[in-house]
Structures are given as structure tokens and as C-alpha cells.
Amino acid sequence: MSLLVRPRSALKVAELTAQVARASNPRGTPAMWIRDRLDGLWNDEDFAQWYPRDGRR
């Protein structure tokens, strides 16, 4: 089975998901901190040439 690499740059966190995450982790988590601060610096398309088009390793 081959998994294709698909760019996901346009994906946004759903508003309700963000509200629940912030309510349950008011100080944030490392993953939340990284996304909040680094989101937008790179796009998936920037790394597309690193992966074969057919999804092989």
C-alpha cells in the first residue's frame, strides 16, 4: 500500500477544537506553542521535493 504525500498548508484547526484545547490546557502544550509561533513560516509545498511523488520512502 502506498501513501501519497499531500500538502496540508490550508488546513486550519476548527474553532471548537481550539476552544476545547485552550480550556483544557490554559497554559498551552508544546505542540500548541509550536503551532502558534511557527505556523506560516513553512508550507508543506516547501518540502515536497524531499518525497517521491508516489509516496515511496
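The following exercises, with worked solutions, concern a predicted model.

Local features are given where pLDDT is at least 70, side-chain atom pairs count only at pLDDT 80 or more, and totals for chains, interfaces and linings use all residues. Residues are numbered from 1 along each chain as its sequence is written, and side-chain values use heavy atoms, with hydrogens and water left out.

**Exercise 1. Overall description**

State how many helices and strands the protein has, and what share of its residues count as buried.

Solution. Step one concerns secondary structure: helices (H or I, at least four residues) and strands (E, at least two) are DSSP runs, numbered from the N terminus. The protein has two helices and zero strands. Step two concerns burial: a residue is buried under 20% relative accessible area, exposed over 50%, and partly exposed in between (1.4 Å probe, protein chains only). Of the 57 residues, 2% count as buried. Step three concerns the accessible surface (Shrake-Rupley method, 1.4 Å probe; for residues, only the protein chains shown count as cover). This surface comes to about 5700 Å², and 57% of it belongs to carbon and sulfur atoms.

**Exercise 2. The salt bridge**

Identify which side chains meet in a salt bridge, and locate both partners in the chain.

Solution. The criterion is a side-chain nitrogen of Lys or Arg within 4 Å of a carboxyl oxygen of Asp or Glu. By this rule there is one salt bridge. Its partners are Arg 22 and Asp 36, at 2.8 Å from N to O. The pair links distant parts of the chain, with Arg 22 in helix H1 (residues 15–24) and Asp 36 in helix H2, 14 residues apart. Arg 22 is partly exposed at 42% relative accessible area, and Asp 36 is partly exposed at 45%.

**Exercise 3. The aromatic pair**

Determine which residues form an aromatic pair and give its geometry.

Solution. Rings of Phe, Tyr and Trp (its six-membered ring) pair if their centres lie within 6.5 Å; planes under 30 degrees apart count as stacked, over 60 as edge-to-face, and the rest as tilted. A search of the whole structure yields one such pair. Phe 47 and Trp 50 form this edge-to-face pair, 4.9 Å centre to centre with 75° between the planes. Phe 47 is partly exposed, at 28% relative accessible area, whereas Trp 50 is exposed, at 59%.

**Exercise 4. Trp 42**

Decide whether Trp 42 is buried or exposed, and place Trp 42 relative to helix H2.

Solution. Trp 42 is in the segment after helix H2 (30–38). Its relative accessible area is 53%, so Trp 42 is exposed.
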